[in-house]
Amino acid sequence: MTRHRGVAGAVGVAGAAVTLALLLSGCAGDPTQEYCDTVTDGQEQLAAAVDAGSPTALVDALPALERLRDASPDDVADDWQYLTGRVVALDDALEDALDGTDLTAQDLVGLDEDEVPAGVEEADLVAVRAAAGELASTQTQQALATVTAEVRAVCGTSLTGG
């Protein structure tokens, strides 16, 4: 039986990797005005999520990510779909794990590897850890690198406006 990382570790790694990529993205270019407007409109929400430092920050920023996915140019549409899909998967796993409890996602983040709070099924925690692991995966990081480069090239800015 393989041991799964603690929720804090897996979600924290995912959040840190994505946060770093978001913060490092700068930009230069023009084309799709609708896309660039959507980037500009989402920068505040994405920056706030990153600044919060929460491992679940991307779940909080999901509406902005979905708008960007929907407005994205064809050449990066698959990357946006993959990236938002990983965040949706984490959001769904967290919702399932928390359903019927008074806990929050933050309560799960602080758990030790073998800790299972009352009212939460171990299988749901395993699903949260797996979703967080997928969010931190190389494939997700590659998708993020592609979309941040596109934003830089097309819109001349970063996803967080920083």
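These legends go with a set of close-up views of a predicted model.

**View A. How confident the predictor is along the chain.**
Averaged over the chain, pLDDT comes out at 82, with 79% of the residues at 70 or more. Helix α5 (residues 74–98) is where confidence is highest, with a mean of 95, while helix α1 (residues 7–24) has the lowest, with a mean of 49. Two stretches deserve a label here. Residues 1–5 have pLDDT below 50, and beyond near neighbours in sequence the model gives this stretch nine contacts. Residues 19–31 also stay under 50, and there the model has 39 contacts beyond four places in sequence.

**View B. The disulfide between C36 and C155.**
Search the whole structure and you get one disulfide. Its partners are C36 and C155, with their sulfur atoms 2.2 Å apart. The pair ties together distant parts of the chain: C36 belongs to helix α2 (residues 33–52) and C155 to helix α8, with the two positions 119 residues apart. What is the handedness of this disulfide? The torsion about the S-S bond is about -90°, so the disulfide is left-handed. Both ends fall below the 20% cut-off for buried residues: C36 counts as buried because its relative accessibility is 8%, and C155 counts as buried because its value is 17%.

**View C. Helix α8 from end to end, with its buried side.**
With 18 residues at 1.5 Å a residue, α8 should span 26 Å, and its end C-alpha atoms are 25 Å apart, so the two values agree. The buried residues of α8 are T140, A143, L144, V147, T148, E150, V151, V154 and C155. Around the axis they cover an arc of only 155°, so they sit on the same side of α8. C155, from that list, is also the disulfide partner of C36. Just after α8 comes G156, which has a positive phi, near 70°.

**View D. S137, in the loop leading into α8.**
Here we look at the other end of the helix. S137 lies in the loop between α7 (122–135) and α8 (138–155). Is S137 buried or exposed? S137 has a relative accessible area of 17%, so this loop residue counts as buried. A polar atom of the S137 side chain lies 2.8 Å from the backbone oxygen of E134.

Note on methods
Residues numbered from 1 in each chain as written. Predicted model: local features only at pLDDT ≥ 70, side-chain atom pairs only at ≥ 80, totals over all residues. Heavy atoms only, no water. Helix = DSSP H or I, 4+ residues; strand = E, 2+ residues; numbered from the N terminus. Buried < 20%, exposed > 50% of the residue type's maximum accessible area, 1.4 Å probe, protein only. Polar contact = N/O pair within 3.5 Å; in protein donor to acceptor, adjacent residues only side chain to side chain. Disulfide = S-S within 2.5 Å. Expected span 1.5 Å × (residues − 1). Arc of directions from axis to C-beta. pLDDT = per-residue confidence, 0-100. Contact = heavy atoms within 4.5 Å.
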